[in-house]
Amino acid sequence: IFHYVNLIDLARCAQVSQTWMLLTQNSSLWSDINFSSVKHKAQDRIVVNTLQKWRPYVLRLNLRGCCSLHWPSFKSISGCKNLQDLNLSECQGLNDESMKLISEGCRALLYLNLSYTDITNGTLRLLPSFPNLQYLSLAHCRKFTDKGLLYLGSGKGCHKLINLDLSGCIQISVDGFRNIANGCSGIQDLQINKMPTLTDRCIQALVEKCQKITSVVFLDSPHLSDTTFKALAECKLVKVGTEGNNQITDLSFKLMSKCCPYIRHIHMADCQKITDAGLKMISPLKHILVLNVADCIRISDGGVRPFVQGSSGAKLRELNLTNCIRVTDASVKEIAQRCHELTYLNLHHCENVTDAGIEALGNMLSLISIDISRTSVSDMGLRALGRHGKIKELSISECKNISDTGIQEFCKGTKSLEYCDASYCPQLTDEAVKAMAFHCHTLTSVSIAGCPKMTDTCMQYLAAACHYLHFLDVSGCIHLTDKALKCLWKGCKQLQILKMLYCRNISKQAVSKYTAKLEKREHSDADPPSWLGYDHDGNI
């Protein structure tokens, strides 16, 4: 049980009794130390004392976001000779000198995360000091250059590196990728997200020598084209991801079908040139578990139906059709009939999906997460979804045809609901939240933003029954008052994030008093903006 407790609570547990104190001193509890969960309280003194005491046992150390740490903490890390996994992401005090200290002591490192830090070529020169390094994240590190990447291949180099994250490193040119290829030919997993400077030539330079790549993710790289996938045809890909691209066409799907027989995960969201023909091309592939074609607006029943009828239909676990506005009930019925392993389905803004299609999904025993936001589904469809009682995540945002009655019927059948987004449904009242709270005690995340009929009463319901609630968004619930915050403060002890924008009847004093210990809070007392669809009195 103590393995699940954060460091501050573990210290409190040690004060309960002598027996508990002895249990908290068990070395197995200190092999994996996570300061990130208490990052706002992590100071040099605490980190140094902890690491000095447990350094022979520490295998994994997470300091992500610990902004207050300086030289003493980094020096104490170097004393952890058996350390294998080190996360220094967002540590603002980290620099090349700190990394020199760490490199002198932690030669056993396998995993190193330096993302969002100010390290330069000086740190890259030190990386060969970790001869067994397998995972390296330099994401959003902007101060090293192409020349620094030469060090990955110098001396003993980083020849065992298999996972590399270069997301956001927009300074890397084709030469930089060539340097990586020369030093790290064994790379298997590559992440290069948020790189508007990434081109086909960069990938070609990499793949010339890195032909063991099995997973590539290029989110927000608009200049890549089918040429990239021609280069990657030499690799045996099992996962590919790209997003926000207007150059990739169905030819890339054709290449996957021909050259990647074992591909399992395809994420090609917001690729405007992907059509039904592309989905037909990958339908013979036998191992696809995840398919995301969100915002590929040219896709329709003509692509979805042949795909789910194909070789992977019966194995598919996740399917995202967000904003595929041409998809209709015909596809949904086919999914219900063929995809017996499907756990996640996103039909957000598939405006031609109706109760007829959703009722068919009610018979799917595998489904645990579904998004039907901005569809024309009504209470009838929602009732059918709750039939087998397995749904854990439900999104019905902007579903104007769903009423309190539909939510009541759904919640009666679904006791295991953990996540519910019922935002921007102005027709819903306290009765909807009452049904959620009284039937679904395991709720951890609830959004009722943009529901102007909600009052303090619904907060009383949540506070009385939903003790595991971590996230709550009540923005635009204009009738909530300070009383609502007092109820949450008393009942929802696990609450970490609370959003209260456009809540003019909640005072700043109450926000300070009742939400001071939350991880994140957002509040404004401004009138609701016009895009919410109602005025400051809740009139539509």
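This passage describes the domains, core, helices, loops and cysteines of a predicted model.

The protein chain is divided into three parts by domain assignment: domain 1 (1-30), domain 2 (237-377) and domain 3 (396-539). Between the C-alpha centres of domain 1 and domain 2 the separation is 47 Å. The UniProt record, an unreviewed entry, places the feature "domain: F-box" at residues 1-35. Helix makes up 40% of residues 1-35, and strand makes up 9%. The end C-alpha atoms of that stretch are 18 Å apart. A further annotation in the unreviewed UniProt entry reads "domain: F-box/LRR-repeat protein 15-like leucin rich repeat". According to the record, this annotation covers residues 65-207 and 338-488. Over residues 338-488, the chain is 34% helix and 12% strand. Here the end C-alpha atoms lie 44 Å apart.

The interior was examined next. In soluble globular proteins, nonpolar side chains tend to be buried together. In this model, the largest nonpolar core has 172 residues. Ile77 and Leu88 have the most contacts inside this core. Helix 18 (residues 456-465) supplies the largest share of the core, with six residues. Ile77 is in contact with Leu88 itself. Other contacts of Ile77, with neighbours within four places in sequence left aside, include Leu51, Leu61, Leu63, Leu83 and Leu86. Ile102 and Cys106 also touch Ile77.

Next along the chain from Ile77 comes Ser78. Ser78 sits in the loop between helix 4 (71-77) and strand 3 (85-87). Ser78 is buried, at a relative accessible area of 12%. The side chain of Ser78 reaches the backbone oxygen of Lys75 at 2.4 Å. Beyond residues up to four places away in sequence, Ser78 touches Leu101, Ile102, Gly105 and Cys106.

Helix 5 spans residues 96-105. Its buried residues are Ser98, Met99, Leu101, Ile102, Ser103 and Gly105. The cover over these buried residues includes helix 4, strand 3, strand 4 (111-113) and helix 6 (121-126). Asn95 caps the N-terminal end of helix 5. A side-chain oxygen of Asn95 lies 3.1 Å from the backbone nitrogen of Glu97.

Helix 10 (residues 250-259) also has a buried set. Asp250, Ser252, Phe253, Leu255, Met256 and Cys259 are buried in this helix. Among the elements that cover the buried residues of helix 10 are helix 9 (226-232) and strand 9 (239-249). Strand 10 (265-273) and helix 11 (276-282) are also part of that cover.

Two further loop positions were considered. Ser312 is found in the loop between helix 12 (301-309) and strand 12 (318-320). At 1% relative accessibility, Ser312 counts as buried. The side chain of Ser312 takes part in two listed contacts with the backbone of other residues. One is with the backbone oxygen of Leu285, at 2.6 Å. In the other, a polar atom of the Ser312 side chain lies 2.9 Å from the backbone nitrogen of Ile288. Ser312 also touches Ser283, Lys286 and His287.

Val377 lies in the loop between strand 14 (369-371) and helix 15 (379-385). Val377 is buried, with a relative accessible area of 0%. Neighbours within four places in sequence aside, Val377 is in contact with Val353, Thr354, Asp355 and Ile358. Ile372, Leu382, Asn401 and Ile402 are also among its contacts. Leu498 is 121 residues from Val377 along the chain. The C-alpha atoms of Val377 and Leu498 are separated by 29 Å.

Cysteine pairing was also checked. A disulfide is a covalent bond between the sulfur atoms of two cysteines. A pair counts as a disulfide if the sulfur atoms are within 2.5 Å. By this rule the count comes to zero disulfides. Cys67 is in no disulfide, and its nearest cysteine sulfur, that of Cys91, is 7.3 Å away. Cys67 is partly exposed, at a relative accessible area of 35%. Why does Cys477 form no bond with Cys451? The sulfur of Cys451 is the closest cysteine sulfur to that of Cys477, but at 5.8 Å it is too far for a bond. Cys477 is buried, with a relative accessible area of 0%.

Note on methods. Residues numbered from 1 in each chain as written. Predicted model: local features only at pLDDT ≥ 70, side-chain atom pairs only at ≥ 80, totals over all residues. Heavy atoms only, no water. Domains from an automatic or database assignment. UniProt positions renumbered as here; feature names shortened; annotations may be inferred. Helix = DSSP H or I, 4+ residues; strand = E, 2+ residues; numbered from the N terminus. Buried < 20%, exposed > 50% of the residue type's maximum accessible area, 1.4 Å probe, protein only. Polar contact = N/O pair within 3.5 Å; in protein donor to acceptor, adjacent residues only side chain to side chain. Contact = heavy atoms within 4.5 Å. Core = buried A, V, L, I, M, F, W, Y, C linked by side-chain atoms within 4.5 Å.
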